[in-house]
Amino acid sequence: MVESAAAIVSASSRLPRADYSLAELVTGEDRYYSMTDTRSGRAVTYRLRLWQNQPTELGVEITNVDAIKQWGITLYAPGGLHTLYFLKKQSPDIWAYYSITRVLPNSFLAEGHDKSYINRAVALYRYIVGLQTDAEPPSAR
């Protein structure tokens with residue numbers, strides 16, 4: 001879970017800035033943000049790029065810029081977590097959503113978490129469709 005997140009000036013400067021405007025995002029240029037999650041407790045820089053921007057389709061790419069470390073061990077090298085998000089308008093009130101994530105562990109400590117990825121995907125789905133995210137037991141145990 002995300003503890004904190006903020007748009008930042010650039011990959012080399014972690015100075016926080018105001019959220020990106022729509023005009024800034026639609027240029028297709030790289031944008032950066034810093035996020036601290038509950039697993040590592042450390043801020044990690046991510047690159048965000050809007051690479052498809054049509055009135056009926058949207059494509060977003062996110063990848064880690066910083067190495068993700070735990071106990072001084074690099075679990076994921078830069079680029080080790082890479083996600084593509086796709087939204088496509090199906091009708092005036094309905095959008096289809098799908099995403100794909102590539103995970104390249106850098107350490108055996110980062111391997112074998114398939115159930116965690118399944119549970120996160122199901123929780124995201126439940127959130128998007130308006131279901132209580134913790135109403136049922138985890139999908140994968």
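In this predicted model, six strands form an open sheet in the order β1-β2-β3-β4-β7-β8, and their pairing is antiparallel. The edges of the sheet are β1 (2-8) and β8 (94-103), each of which pairs on one side only. On average, and with direction ignored, neighbouring strands of the sheet are turned by 20° against each other. To place the sheet in the whole, it helps to know that the chain has 2 helices and 8 strands, which follow one another along the sequence as β-α-β-β-β-β-β-β-β-α. The C-alpha atoms of the chain fill a box of roughly 50 × 40 × 25 Å along the principal axes, and 27% of the 141 residues count as buried.

A walk across the sheet can begin at the β1 edge. Here β1 and strand β2 (residues 31-37) pair in the antiparallel sense over 6 bridges, and Ala7 has Tyr33 in β2 as its bridge partner. Towards the other edge, strand β4 (residues 57-64) and β7 are joined in the antiparallel sense over 7 bridges. Within this pairing, Leu84 of β7 is the bridge partner of Glu61. The pairing of β7 with β8 is antiparallel too and runs over 10 bridges. These two strands, β7 and β8, form a hairpin with 2 residues between them. Lys89 stands opposite Trp95 in β8, while Phe86 faces Tyr98 in β8.

Several of these residues return in the aromatic pairs, of which the structure holds 4. A pair of aromatic rings is described by the distance of the centres and the angle of the planes. One of the pairs is formed by Tyr33 and Tyr46, whose rings are stacked at 5.5 Å centre to centre with 15° between the planes. This pair links distant parts of the chain, as Tyr33 lies in strand β2 and Tyr46 in strand β3 (residues 43-54), 13 residues apart. Are these two tyrosines buried or exposed? With buried meaning under 20% relative accessible area, Tyr33 counts as buried because its relative accessibility is 17%, and Tyr46 counts as buried because its value is 9%. Tyr33 therefore brings together two descriptions, as a buried residue and as the bridge partner of Ala7.

A second stacked pair is made by Tyr85 and Tyr97, with 6.3 Å centre to centre and 25° between the planes. Because Tyr85 lies in strand β7 (residues 81-91) and Tyr97 in strand β8, this pair ties together parts that are 12 residues apart in sequence. Tyr85 is partly exposed, with a relative accessible area of 27%, and Tyr97 also counts as partly exposed, at 31% relative accessibility. Ring pairs also link Trp51, Phe86 and Tyr98 into a cluster. Two members of that cluster are already familiar from the sheet, where Phe86 stands opposite Tyr98 in β8.

Tyr85 also leads to the pockets of the model. Rolling a probe the size of a water molecule over the atoms shows where empty space is left. The largest pocket has a volume of about 1700 Å³. Which residues lie nearest the centre of this pocket? Of the 43 residues that line the largest pocket, Met35, Arg39, Thr83, Tyr85 and Arg120 lie nearest its centre. Tyr85 is thus both part of a stacked aromatic pair and one of the residues nearest the pocket centre. Helix α2 (residues 114-129) gives the most to the lining, with 11 residues. Sorted by class, the lining of the largest pocket has 30 nonpolar, 9 polar and 4 charged residues.

A last point concerns the backbone at Trp71. Most residues other than glycine have a negative phi, and most peptide bonds are trans. Trp71, although it is not a glycine, has a positive phi of about 55°. Where does Trp71 lie? Trp71 is found in the loop between β5 (68-70) and β6 (73-76). Exposed means over 50% relative accessible area, so Trp71 counts as exposed at 71% relative accessibility.

Note on methods. Residues numbered from 1 in each chain as written. Predicted model: local features only at pLDDT ≥ 70, side-chain atom pairs only at ≥ 80, totals over all residues. Heavy atoms only, no water. Pairing = 2+ DSSP bridges. Helix = DSSP H or I, 4+ residues; strand = E, 2+ residues; numbered from the N terminus. Axes fitted to C-alpha atoms, helices over the stretch in contact; angles between N-to-C directions. Phe/Tyr/Trp six-rings, centres within 6.5 Å; stacked < 30°, edge-to-face > 60°. Buried < 20%, exposed > 50% of the residue type's maximum accessible area, 1.4 Å probe, protein only. 1 Å grid on protein atoms, 1.4 Å probe; cavity = no way out; pocket = protein on both sides within 12 Å on 5 of 7 lines; lining within 4 Å. Points joined across faces, edges and corners; volume = space filled by probe spheres on them. Nonpolar A, V, L, I, M, F, W, Y, C, P; charged D, E, K, R; others polar.
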